[in-house]
Structures are given as structure tokens and as C-alpha cells.
Amino acid sequence: MRPSDTPVIFLTGTVLPNVELRVLPFDLGLHVGTGPFTLLTFPDQLLPDAAYQEYAVGGHIIDDQSIVARLARLFDELRGQSLDADESLAMIAQLANLRHE
């Protein structure tokens, strides 16, 4: 794969029903996010909600429900600040086109 193929693959990968790509523009300035994390929810309350936090040398599962709830609120706040899914894809496509000009 050539590096110039990456935006096309990236954009076509967003058709998965459980994936929504959002862009948090730089012009918003600093945001409330502190690093990468993933919220984990399970069907029919099979398991309690959890989170996974990753860092340079590893990661860990968070099962303390108060911390999981705080991360869920943080996610909602970041989502509220981000472009919606269609605007995000349009911005990525625009940047990919600029790169090829």
C-alpha cells in the first residue's frame, strides 16, 4: 500500500454500522480529553460497563463504575465538541484532496 492510498482506505472503512468517525478540529483549542480510552458496553447487561485506557507501554481495564461513568461523560463532552459524522468525513476528504494537489 502506498501512503497516498491511506485516506481512501480510511474513508471507505467508515461504512461499518458500529463505527462513527468524528473529528475534533484544532481550532477549538484545548479539549477536555486526556488520552485515548475505549468505553466497553455489553448486550443485555452480560457484564458491567467498563473502559480500557491505553498508554505508551501498555494499558489497563477500568471496572470501577464511578470512573467508567466519568469517562462516559468525558466522551459525551468530546462528542458534543466534535464535527458530526458527515462533517468529519467531508473535512477528511477535503484534507486528502489538498494533499493530492
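This short presentation describes the fold, the core and one loop of the protein shown above.

Please note that this is a predicted model, in which local features need pLDDT of at least 70 and side-chain atom pairs count only at pLDDT 80 or more, while totals for chains, interfaces and linings use all residues. Residues are numbered from 1 along each chain as its sequence is written, and side-chain values use heavy atoms, with hydrogens and water left out.

I begin with the overall architecture. The protein has three helices and three strands, where helices (H or I, at least four residues) and strands (E, at least two) are DSSP runs numbered from the N terminus. Along the sequence, their order is α-β-β-β-α-α. If we take contact to mean heavy atoms within 4.5 Å, then 52% of the contacts between residues at least 6 apart in sequence join residues at least 24 apart.

I turn next to burial and the core. Of the 101 residues, 16% are buried; buried means under 20% relative accessible area, exposed over 50%, and partly exposed in between, with a 1.4 Å probe and protein chains only. The largest nonpolar core has seven residues: Phe37, Ala51, Ile62, Val68, Leu71, Leu74 and Leu78. Helix H2, residues 65-81, gives the most to this core, with four residues. By a nonpolar core I mean buried Ala, Val, Leu, Ile, Met, Phe, Trp, Tyr and Cys residues joined through side-chain atoms within 4.5 Å. Which residues does leucine 71 touch, leaving aside those up to four places away in sequence? They are Phe37, Leu39, Ala51 and Ile62.

Now to the surface. The protein exposes about 7900 Å², and carbon and sulfur atoms supply 59% of that area; accessible areas come from the Shrake-Rupley method with a 1.4 Å probe, and for residues only the protein chains shown count as cover. Phe42, Leu46 and Leu47 make a nonpolar surface patch of about 290 Å². Patch residues have over 30% relative accessible area and no salt bridge (a side-chain nitrogen of Lys or Arg within 4 Å of a carboxyl oxygen of Asp or Glu); like charges are joined within 9 Å, and nonpolar side chains (Val, Leu, Ile, Met, Phe, Trp, Tyr) within 5 Å.

Finally, the loop. Leucine 46 lies between S1 and S2 and is exposed, at 65% relative accessibility. Aspartate 44 is in the loop between strand S1 (37-40) and strand S2 (50-55). Its phi is near 50 degrees, a positive value in a residue other than glycine, and its relative accessible area is 80%. Glutamine 45, also not a glycine, has a positive phi of about 50 degrees and is exposed at 74%.
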